[in-house]
Amino acid sequence: MFTQAPKVYGISCDMLISQAKGQEDKMKQFTAFLEQVDALVWGVPLIVLILAAGIYLTFRLRLLQVFHLPKALKFMFKNEEGGEGEVTSFGALCTALSATIGTGNIVGVATAIGVLAGGPGALFWMWIAAFFGMATKYAEGFLAVKYRKISADGHVLGGPFYYIENGMGHKWKWLAKVFAFFGACVGLFGIGTFTQVNGIASAVQSFFDPDKAHTVNLFGADYSISIVITAIVLTLCVGLVVIGGIKRIAGVSEVIVPFMAVLYIAAALVLIFVNIDKVPAAFGEIFKGAFGIKPIAGGALASIAIAMQKGVARGIFSNEAGLGSAPIAAAAAQTKEPVRQGLVTMTGTFIDTIIVCTMTGLSIVMMGTWADKSLEGVQVTTAAFQKGLYFLPSNAAALILMVCLVFFAFTTILGWDYYGERCLEYLSNGSTTAVKVYRWLYILAVFIGPYMTVAAVWTIADIFNGLMAIPNIIALFALSGVIVKDTREYFKRQKESNM
């Protein structure tokens with residue numbers, strides 16, 4: 001009897017190991033399935049659909065983003081008198097930019113133009129996506145104000161869910177609910193929390209404790225103390241801001257967004273200025289890569305296709321034109337004129353992609369770090385800054401980039417909390433309890449974010465983000481007649497008043 005015990009124990013251990021391995025295999029299969037769904041959702045059809053909406057609106061609005069950009073930039077800083085809303089137009093723009101300008105502007109651009117991706121030519125197609133995306137963003141901002149709801153106490157609720165329901169008709173309310181569901185999920189489970197918090201934690205650890213010399217055991221794994229401290233500080237900062245609602249989020253964004261954008265752009269401009277002799281060659285690389293004159297993969301056509309796909313996709317990911325997120329913030333603007341707010345919203349794409357992403361891309365191409373196969377992601381951008389700002393200690397350049405990354409990601413967290421809350425408010429028919437519960441769950445997600453490394457969670461969030469775009473793009477096509485008619489009438493009135 002006793003001689004059988006070791007054998008039984010051994011069998012039990014084998015069974016436990018087998019079960020654990022089986023669960024691991026199932027998780028791998030599930031993750032692989034999600035990645036296939038993600039590739040399908042974010043495949044060529046959706047990217048073409050979003051780009052097609054921008055091209056269609058550009059021509060129907062008669063190149064509005066070209067002829068009225070100066071006016072749009074002027075409206076950014078000039079508040080409208082007598083308009084209803086919760087925050088200024090500039091505050092609404094900064095809230096939208098806080099969610100838009102994130103780690104993708106530093107890490108994503110580097111990934112898109114890397115030697116294993118689209119190469120320098122991808123930057124050109126990023127500009128093309130942004131150009132047409134400006135018309136899309138205009139349409140989103142316009143519709144957000146035109147179809148928003150303002151309660152007796154001045155609370156504003158608007159965005160794709162309301163212009164779908166009120167613009168397309170009540171029978172399309174199910175489509176508005178679909179958008180709101182995906183929006184709430186994206187904010188809580190991915191773009192707003194885990195992805196950005198991980199980006200901040202990684203940046204802080206890479207700078208302060210790259211070798212993980214100081215660790216603590218949590219949840220059965222060793223984490224750098226810098227990550228634990230980051231999680232606590234970040235949670236407190238996010239909590240103090242989001243509990244105050246849109247007015248506090250907009251107030252903080254109005255300070256941080258201009259500061260972080262100016263800091264990053266200034267650093268990049270210094271890099272470009274001190275290496276001015278490399279600018280002509282860099283633009284040559286960009287245009288040659290864009291049109292296959294200097295192929296990086298296969299023949300010329302293959303290089304053009306890869307550069308186009310990576311560039312357009314990164315442009316859409318970065319400025320979020322067509323995804324339906326920015327109009328949620330635009331709806332809260334103090335304005336009585338939809339066209340005016342549409343123009344202000346349009347400048348978000350110009351700032352995010354034409355300016356910030358260009359600074360990143362041009363720095364990387366000028367310094368040649370895009371061609372280094374040993375580098376990936378943020379390492380490409382860091383190496384470019386260290387090489388370009390050669391008169392500074394290498395740690396100083398890395399510090400500048402880390403500070404920018406932290407601020408970019410922090411403001412994205414704030415912006416997506418607001419988006420998620422408004423989506424849930426629509427789904428719950430205005431339940432303040434549901435919104436408060438969501439807010440605290442959001443803060444909790446920020447706290448556990450640095451310890452969440454499950455790839456499946458990020459992939460699910462990416463899928464939801466892509467699925468948000470489908471209802472929104474349908475609405476933009478369906479309501480394009482209203483957009484064009486009201487826009488032309490507005491500019492006609494402006495022209496007559498100036499005569």
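There are zero disulfides in this structure, which is a predicted model. A disulfide is a covalent bond between the sulfur atoms of two cysteines, so the distances between the sulfurs are a good place to start. Here the cut-off is 2.5 Å, and the sulfur of cysteine 185 lies 9.4 Å from the closest cysteine sulfur, that of cysteine 423, which is too far for a bond. Seen from the other side, the closest cysteine sulfur to that of cysteine 423 belongs to cysteine 185. The table sets out the two residues together.

| Cysteine | Closest cysteine sulfur | Distance | Relative accessible area | State |
|---|---|---|---|---|
| Cysteine 185 | in cysteine 423 | 9.4 Å | 10% | buried |
| Cysteine 423 | in cysteine 185 | 9.4 Å | 1% | buried |

Now let us turn to threonine 349, which is part of helix H16, spanning residues 338-367. This threonine is buried, at 0% relative accessibility. Its side chain makes a polar contact of 3.5 Å with the side chain of lysine 137. Leaving aside residues up to four places away in sequence, threonine 349 touches Ala130, Gly133, Met134, Lys137, Asn319, Ala321 and Ile354.

Helix H8 is worth a look too. H8 covers residues 160-168 and is mostly covered, with seven of its nine residues buried. Those buried residues are Pro160, Phe161, Tyr162, Tyr163, Ile164, Glu165 and Met168. What sign does phi take at glycine 169, just after H8? Glycine 169 has a positive phi of about 120°.

Definitions and conventions
Residues are numbered from 1 along each chain as its sequence is written. This is a predicted model: local features need pLDDT of at least 70, side-chain atom pairs count only at pLDDT 80 or more; totals for chains, interfaces and linings use all residues. Side-chain values use heavy atoms; hydrogens and water are left out. Buried means under 20% relative accessible area, exposed over 50%, partly exposed in between (1.4 Å probe, protein chains only). Helices (H or I, at least four residues) and strands (E, at least two) are DSSP runs, numbered from the N terminus. A polar contact is a pair of N or O atoms within 3.5 Å; within protein, one must be able to donate a hydrogen and the other to accept it, and residues adjacent in sequence count only if both atoms are side-chain atoms. Contact means heavy atoms within 4.5 Å.
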